[in-house]
Amino acid sequence: MLTIKHLDSYYGKAQVLHDVDIEVKEGQFVALLGPNGAGKTTTMMSISGLVKTSAQTQIEFLGERIERLKPEAIVARGLVHVPQGRGVFPGLTIKENLIMGAYLRNSKKETNSDIERLVELFPKFKERMSQMAGTLSGGEQQMLAIIRGLMAHPKLLMLDEPSMGLAPIIVDQIYETIAQINKSGMTILLVEQNTNMALQVANYAYILSVGGIVNEGESCVLRQDEEMIKSYFKGQH
Ligand SMILES: Nc1ncnc2c1ncn2[C@@H]1O[C@H](COP(=O)(O)OP(=O)(O)OP(=O)(O)O)[C@@H](O)[C@H]1O
């Protein structure tokens, strides 16, 4: 579904990704893991068209090359990115945030029926549609960001560190929902520092270190190789 070849990414003249290859198949749940500063967020931003890439970079999504498209054209093709830090609009209500997720479509009727359907993932929102997003807890804001992503009708959903800054019990709830979304047929590419959690839910994982892929494999296999994981996450696990 998504094939990335020779991804080199730059901030100005500084190259932070070197020849990264990643593949995500339809229906799969793929995790991109790695220590602080490895380049995980940069990879996701490069896929979304938000970071400069080299001429040899190739990104193919659903059979079409997308590496030179604008971010909104990439979203319109069904590649939707829920960013690190959630990015909810604090001064807008829950409902207004969800409507923003559907900004590329203009059917009010469809938007309302999508909200009704998707809010079942987190029924607490049902009675609180006019609450300001800025007054929600971190976990609730993360759920809102995920549901807002789904409002864009993704074919592949990219989630950047949904566990960031959340208590373990909340992380478990968020991950139950993400697993449910994947089971309903959604393809997922996840960036995480929470390696244990990611390897429990993903089918396949890539490990990124200093801007390059250093290991990859089925999650059930990687999970058993604690020494390998530790070696890449020195001091972080
Ligand atoms: N806007 C920027 N300008 C310049 N360098 C940047 C910028 N954003 C990130 N970097 C650098 O690029 C490298 C990769 O950063 P990136 O955020 O992709 O890592 P990460 O694996 O997602 O880490 P984290 O888990 O801490 O978010 C780091 O060395 C970082 O300092």
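Here a colleague and a modeller talk through the sheet, a helix and the ligand shell of a predicted model.

Colleague: Let's start with the sheet. What makes up this open sheet, and in what order do the strands come?

Modeller: There are 6 strands, running E7-E8-E9-E3-E10-E11, and the pairing is mixed. From one strand to the next, the twist averages 15°.

Colleague: Why are E7 and E11 said to stand at the edges?

Modeller: Strand E7 (79–82) and strand E11 (212–218) each have a single partner strand, so one side of each has no neighbour in the sheet.

Colleague: How do you know that E7 pairs with E8?

Modeller: Pairing takes at least two bridges between the strands. E7 and E8 (residues 156–160) are joined by 4 bridges and run parallel, so they count as paired by that cut-off. If you want a spot to look at, Val-80 stands opposite Leu-157 in E8.

Colleague: And what makes E10 and E11 a pair, and in which sense?

Modeller: They share 6 bridges, in the antiparallel sense. The cut-off is at least two, so this is a pair as well. The two strands form a hairpin with 2 residues between them, and Val-210 in the turn has a positive phi of about 45°.

Colleague: What lies opposite Tyr-206 in E10? I'd like to follow that residue across to its neighbours.

Modeller: Leu-32 stands opposite Tyr-206, and in E11 the bridge partner of Tyr-206 is Glu-216. E3 and E10 pair in the parallel sense, over 4 bridges.

Colleague: Why is E10 called largely enclosed?

Modeller: A residue counts as buried when 20 or more other C-beta atoms lie within 10 Å of its own. In E10, 5 of the 6 residues are buried, so the rest of the structure largely encloses this strand.

Colleague: Which helix packs on the sheet, and what does it touch?

Modeller: That's H1 (residues 40–47), which touches E3, E7, E8, E9 and E10. The direction of H1 makes about 145° with that of E8.

Colleague: Now the ligand. Which element gives the most to the shell around it?

Modeller: H1 again, with 3 residues. Strand E2 (14–24) is also among the elements giving two or more. The residues around the ligand include Tyr-11, Asn-36, Lys-40, Thr-41 and Gln-193.

Colleague: How do the shell residues divide into nonpolar, polar and charged?

Modeller: The split is 4 nonpolar, 7 polar and 1 charged. Gly counts as polar in that tally, and the shell residues include Gly-34, Gly-37 and Gly-39.

Notes. Residues are numbered from 1 along each chain as its sequence is written. This is a predicted model: local features need pLDDT of at least 70, side-chain atom pairs count only at pLDDT 80 or more; totals for chains, interfaces and linings use all residues. Axes are lines fitted to C-alpha atoms, for helices over the stretch in contact, and angles run from 0 to 180 degrees between N-to-C directions. Two residues are in contact if their C-beta atoms, placed from the backbone, lie within 7 Å. A residue is near a molecule or strand if its C-beta atom, placed from the backbone, lies within 6 Å of it. A residue is buried if 20 or more other C-beta atoms lie within 10 Å of its own, exposed if 12 or fewer, and partly exposed in between; C-beta atoms are placed from the backbone.
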